[in-house]
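The following exercises concern a single protein chain and are solved step by step. Please examine the sequence and the structure before reading the solutions.

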Amino acid sequence: MILIALFLPFSAANAYTEEGFRSFLKEVAADARSQGVSDLTISMALQSATFKPRTIELDRAQPEKKTLYAEYKPKILSQDRIDKGRLMYKQHRVQLNHFANIYGVEPQYIVALWGIETNYGGFTGGTGIIDALATMAYEGRRREFFQKELVEALKILDEKHITLDEMKGSWAGAMGQNQFMPSSFRAYAVDGDGDGKRDIWKDLDDVFASTANYLRQSGWQHNQGWGQRVKLPQGIPATMVGKEYRRPIAYWQKLGVKTLNGHNLSANKRLEAYIVAPDGLSGETYLVYSNYDVILKWNRSTYFATTVGLLADAIAQGDSQEQEEAYNQ
Ligand SMILES: [Ca+2]
């Protein structure tokens, strides 16, 4: 019996062995077979699957203290990422606008999600997805979730959208340029260029169409924006913060909520909005709409959703400035 994870602080009951891993993969094989995955795909993918102790180390490496939004925001929303986003929008404008129109989603959100997930395809992760998911499932704390994702990944291989060697991603199983988990891929990835494959690793048509489709299917409201940074009047109670306290923009305006520059709120006055305060009421505060909830469905973090919205705004703003300059010349 070979002990795989010697350096991890597991109790004897948690000792992971190669034998245990192989026997677990037999269960997965039976599960996949019962869901229609071919024997060929199952044996090809699972026989070569490898347990990755590093995956578990990364999963267990909890940061000692929570990062503040005020620290996270400048890192994610760097000038570099904004500039690159504007450039990417310019370079891929035809494709982006094409899919934005089909799915009723503004193109800057497709670019922003791409930019924050993988720095515009620059870093998509080099871990074999089958290895990552098999390891996480075998580890056991979230076995049901990861085993389901593993079987979904086998279905993707079975449908030949990507080869086993090319099916790479993050240590936690997020794949390709928009970092879809296999279940999101199966539900939302689309074949943008019509070549019969949904390739979110290498084909930008597929990446853009899949992101737009995800937003659309999750309830995106065209031309409503996501939210805006606001200044709250003194004395707003904490009970008014958060998605349980949704009121029309008109209500917030009456209460004295202003834009950062002290102006009246822009946006449809009937639009339902709620306050987000990632660092509490002493930090930056935002008023957000239903599209913010759509971004939260992609990733439950308010840090993530807020910076996606801000990056999308910055990309669109850069674009309209450029158009205006071109017009004035
Ligand atoms: Ca395709």
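Two strands pair if DSSP finds at least two bridges between them; helices (H or I, at least four residues) and strands (E, at least two) are DSSP runs, numbered from the N terminus. The model is a predicted one, in which local features need pLDDT of at least 70, side-chain atom pairs count only at pLDDT 80 or more, and totals for chains, interfaces and linings use all residues. Residues are numbered from 1 along each chain as its sequence is written.

**Exercise 1. Determine the strand order of the open sheet of five strands and name its edge strands.**

Step 1. The order is E4-E6-E7-E3-E5, and the pairing is antiparallel.

Step 2. Strand E4 (247-248) and strand E5 (258-259) form the edges, since each pairs on one side only.

**Exercise 2. Describe how E7 is joined to strand E3 and to strand E6, and state whether the faces of E7 are covered or not.**

Step 1. Strand E3 (residues 227-231) runs antiparallel to E7 and is joined to it by four bridges. Val230 stands opposite Thr285 in E7, while Gly227 stands opposite Val288.

Step 2. Strand E6 (residues 272-276) is also antiparallel to E7, with three bridges between them. Here Ile275 stands opposite Leu287.

Step 3. A residue is buried if 20 or more other C-beta atoms lie within 10 Å of its own, exposed if 12 or fewer, and partly exposed in between, with C-beta atoms placed from the backbone. In strand E7 (residues 285-288), Thr285 and Leu287 on one side and Tyr286 and Val288 on the other are all buried, and both faces are thus covered.

**Exercise 3. Identify the residues that touch the most other members of the largest nonpolar core.**

Step 1. A nonpolar core is a set of buried Ala, Val, Leu, Ile, Met, Phe, Trp, Tyr and Cys residues joined through C-beta atoms within 7 Å.

Step 2. The largest such core has 84 residues, and those touching the most other members are Ile110, Ala112, Leu133, Leu150, Leu154, Ala212 and Val288. Helix H8 (residues 129-139) supplies the largest share of this core, eight residues.

**Exercise 4. Decide where pLDDT stays under 50.**

Step 1. The predictor's confidence in each residue, pLDDT, runs from 0 to 100. The chain has a mean of 93, and 95% of its residues reach 70 or more.

Step 2. The value stays under 50 over residues 9-13. Where pLDDT is low, the predicted coordinates should not be read in detail.

Notes: Contact = placed C-beta atoms within 7 Å.
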